Amino acid sequence: MQTYKIAVIAGDGIGPDVIDEGKKVLAGIAEMDGSFKVEFTDFPWGCEYYLREGKMMPEDGLSILKDFDAIYLGAVGYPGVPDDVSLQGLLLKIRKGFDEYINLRPVKLLKGAPCPLKDVKEEDIDMIVVRENSEGEYANVGSRLYPGTEQEIALQTGVFSRKGCERVIRYAYELAKKEGKTLTNVSKANALGYSMVFWNEIFAEVGKEYPEVETSSLMVDAASMFFVKKPARFQIVVTSNLFGDILTDLGAAIAGGMGLAAGANLNPERKFPSMFEPIHGSAPDIAGKGLANPLAAIWSVSQMLDFFGQEAWGKKVIDAIETLLQEKKTLTPDLGGTAKTDEIGEAILEILQR
Ligand SMILES: NC(=O)c1ccc[n+]([C@@H]2O[C@H](COP(=O)([O-])OP(=O)(O)OC[C@H]3O[C@@H](n4cnc5c(N)ncnc54)[C@H](O)[C@@H]3O)[C@@H](O)[C@H]2O)c1
């Protein structure tokens, strides 16, 4: 029988609370299905570990993780540890070390989910944002010169390699072709005359191999405006690391909020494990109170199931989330309910069993 080995890094704040619910759902599905098993191994890495050990994860953390089928991550970051330390020391280390160069973020308004936009129907917000995840503006290349003086300078450089741009753009074209959807390229070539002109050239070059895919290009500022004014014009979106990061938070806001936004960090070649996570942070303001909404973490389970080739279960999980939202019986306070975090996994399983 197939056993999926999953490394769990629940992390900080609400991370452990939401991940517990995702684990419940995944374990329940494996039991219902009967043809595969899941095996979780928990790693206590994150900010508490940092305060004890002086690092977010062990030096050989990547070699410990490399033979797992997937990594399931909650959130990292907590007051007392600088955010750049928590991000660089764990999340970015894994994304870069395992060449998880695709960040796949569904922006889909499920039936029953709250939407702050007026006159918008569910079918108007249904897109997948393909964000470059390994280089670009987040390559963290730069320098600080003359610290503490009047001449102090900070330099931060974007890194756009031909290979890096081509592979993410090609992934987006392939996805658009497979799903029969349009592809929107989001960049900013008027202001970023080197990196984004290069990006756009590669978008056009790769596009020659996909004459059947209908494309359009937008500047990131215009794209942000259209996410709000006319979200229906987007189906598959491809963009750079920084622009994708910002646009997908906007995407989360129009499609139910942070409690409903998931993201997959994929190494499509499967040379290394891919990582699945809710995109929200550790929410220290509500940690330990049972208030966190675990639906984003459960949506990540759906993305993991898709990646394992269990797409039928992946879809059932999304349908179950939709049913839960429509029934409005078991929802956390951010969605107007009174349920506690640890009631949600059970409620999803109950819907799946119907
Ligand atoms: N992927 C990650 O691990 C990740 C992502 C973003 C931020 N962070 C870290 O998390 C910490 C807090 O960051 P932040 O406050 O900017 O962002 P956040 O996402 O943690 O919280 C923003 C707001 O959304 C609410 N919220 C977030 N997730 C929720 C959920 N599941 N259910 C209900 N409400 C939810 C919070 O209560 C808060 O009011 C920082 O240390 C930051 O560096 C980590």
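The following turns go through how several terms apply to this predicted model.

Mentor: Residues are numbered from 1 along each chain as its sequence is written. As the model is predicted, local features need pLDDT of at least 70 and side-chain atom pairs count only at pLDDT 80 or more, while totals for chains, interfaces and linings use all residues.

Trainee: What makes residues 5-348 a domain here?

Mentor: An unreviewed UniProt entry lists them as "domain: Isopropylmalate dehydrogenase-like". UniProt positions are given in the numbering used here, feature names are shortened, and annotations may be inferred rather than shown by experiment. Over residues 5-348 the chain is 40% helix and 22% strand, with the end C-alpha atoms 22 Å apart.

Trainee: Why is the run of residues 262-266 called strand 11?

Mentor: Strands (E, at least two residues) and helices (H or I, at least four) are DSSP runs, numbered from the N terminus. Residues 262-266 form such a strand run, so the name is strand 11.

Trainee: How do you know that strand 11 is mostly covered?

Mentor: A residue is buried if 20 or more other C-beta atoms, placed from the backbone, lie within 10 Å of its own, exposed if 12 or fewer, and partly exposed in between. Five of the five residues in strand 11 are buried, so the strand counts as mostly covered. Ala262, Ala264 and Leu266 point one way, Gly263 and Asn265 the other way, and all are buried.

Trainee: What makes strand 11 and strand 12 (residues 274-278) a pair?

Mentor: Two strands pair if DSSP finds at least two bridges between them. Strand 11 and strand 12 have four bridges, in the antiparallel sense, and therefore pair. Ala262 stands opposite Pro278 in strand 12. Strand 4 (residues 102-108) also runs antiparallel to strand 11, joined by three bridges, and Asn103 has Asn265 as its bridge partner.

Trainee: Which strands pair with strand 10 in the parallel sense?

Mentor: Strand 5 (residues 126-132) does so over four bridges, and strand 8 (residues 183-187) over four bridges. Ile236 in strand 10 is the bridge partner of Ile128 and of Leu183.

Trainee: What makes a residue part of the shell around the ligand?

Mentor: Its C-beta atom, placed from the backbone, must lie within 6 Å of the molecule. There are 23 such residues, and Gly77, His280, Gly281, Ala283 and Asn293 come nearest. Helix 4 (residues 83-97) gives the largest share, three residues.

Trainee: How many residues of the shell are nonpolar, polar and charged?

Mentor: Twelve are nonpolar, seven polar and four charged. Ala, Val, Leu, Ile, Met, Phe, Trp, Tyr, Cys and Pro count as nonpolar, Asp, Glu, Lys and Arg as charged, and the others, Gly among them, as polar.
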